[in-house]
Amino acid sequence: MSLLIEKPGLLTTVQDLGRYGVQKYGVIVGGAMDAFALRVANLLVGNDEGEAGLEITMLGPQIRFEQTALISVCGGNLSPKLNGTPLPLWRTILAPKGSTLAFGPMKLGCRAYLAVGGGFDVPLQMNSRSTYLRAGLGGFEGRALVKGDRLPIGDLTPRSSNLLGRLAREANNEFGAVSRWSVFSEMLPKYAPNPTVQVIAGEEYDLFQEESLRLFVNEEFAVLPQSDRMGYRFKGYELKLRETKEMISSAVTMGTVQVPPDGNPIILMADRQTTGGYPKIAQVASTDLPLLAQANLGARVSFKLISLEEAQHQYVARETAIQTLHQGLERLE
């Protein structure tokens with residue numbers, strides 16, 4: 001089985017949850033910017049959470065399904081349509097053989113995730129199928145998709161086969177079928193054009209001037225055009241240290257908020273480097289990383305300081321919700 005890329009969109013790549021265990025060799029983690037959306041999309045089509053899907057950025061592709069496929073579109077709302085009919089997000093969908101999936105204007109967020117039952121059968125490289133564009137590593141030939149690409153689809157899992165069978169009984173030849181089940185709204189990230197993002201105090205939080213700390217949590221910072229999958233650059237009020245201090249490079253992770261000498265924060269994202277030497281004023285709570293991943297260029301982001309304990313409770317609640325979804329889908333078998 002395969003699907004055909006008829007139009008590639010602005011930036012469409014194969015991504016999974018990342019390439020772990022090789023940072024000591026200088027290889028980045030990478031993976032989906034909005035990991036929550038990819039995980040849920042995979043569950044909705046009966047895959048394991050970490051299976052490879054498509055990350056679709058801003059302007060979506062046009063895709064033709066050469067065989068009947070089980071699909072789900074999650075994350076940002078880029079106006080998906082199947083054979084011209086609008087598709088709901090966060091649902092399981094049966095796409096008939098020969099049908100076409102296309103995308104339109106961005107309504108909310110800037111990244112959508114397409115999962116297909118069976119996942120995309122591209123080669124594993126360092127235990128991941130994620131695309132790292134700068135190194136030409138992973139994904140489909142190490143690059144963004146182009147017109148004419150045919151992506152192979154893996155074998156259906158038993159869960160995928162069961163879900164496909166249930167929807168096939170309700171399908172029509174032109175459109176297919178959309179599941180009656182969906183993700184309950186309470187577990188979805190609170191995507192917003194100008195989000196408020198929760199952060200925890202970073203290692204060097206106390207080294208910043210009191211006024212800078214006040215500005216950090218009381219003012220908005222704009223996402224600059226230089227932002228990308230490696231990091232989001234912001235413009236706002238200049239954040240200043242109490243005194244100049246020589247920093248030693250140390251480990252960073254997705255959501256680390258660094259402040260370079262110009263005083264404008266940078267938040268490291270999926271394609272982040274392995275270490276950083278700028279002062280770390282904060283760390284984005286993992287449950288709010290999807291809000292950043294869906295923030296478009298020019299978005300105005302506010303920060304809210306919370307405790308580590310609050311962040312941990314939110315993380316446990318989110319993981320519990322994902323497991324509840326998983327168990328609920330299994331009961332459909």
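Is Phe-36 buried or exposed? In this predicted model, Phe-36 is buried, with 3% of relative accessible area. That residue makes a good starting point for a look at the aromatic side chains.

Across the whole structure, a search turns up five aromatic pairs. In one of them, the ring centres of Phe-36 and Trp-90 lie 6.0 Å apart and the planes meet at 55 degrees, so this pair is classed as tilted. The two partners come from distant parts of the chain, 54 residues apart. Phe-36 belongs to helix α1, which covers residues 35–44, whereas Trp-90 sits in the loop between β7 (85–86) and β8 (91–95). Like its partner, which has a relative accessible area of 3%, Trp-90 is buried, here with a value of 9%. Elsewhere, ring pairs join four phenylalanines, Phe-216, Phe-221, Phe-234 and Phe-303, into a cluster.

The cysteines can be taken next. The search of the whole structure finds zero disulfides. For Cys-74, the nearest cysteine sulfur belongs to Cys-110 and is 16 Å away; a disulfide requires the two sulfur atoms to be within 2.5 Å, so a pair at that distance does not qualify. The relation holds in the other direction as well: Cys-110 is in no disulfide, and the nearest cysteine sulfur to it is that of Cys-74. Both side chains are hidden from solvent by the accessibility criterion: Cys-74 counts as buried at 0% relative accessibility, and Cys-110 counts as buried at 2%.

Methods:
Residues numbered from 1 in each chain as written. Predicted model: local features only at pLDDT ≥ 70, side-chain atom pairs only at ≥ 80, totals over all residues. Heavy atoms only, no water. Phe/Tyr/Trp six-rings, centres within 6.5 Å; stacked < 30°, edge-to-face > 60°. Helix = DSSP H or I, 4+ residues; strand = E, 2+ residues; numbered from the N terminus. Buried < 20%, exposed > 50% of the residue type's maximum accessible area, 1.4 Å probe, protein only.
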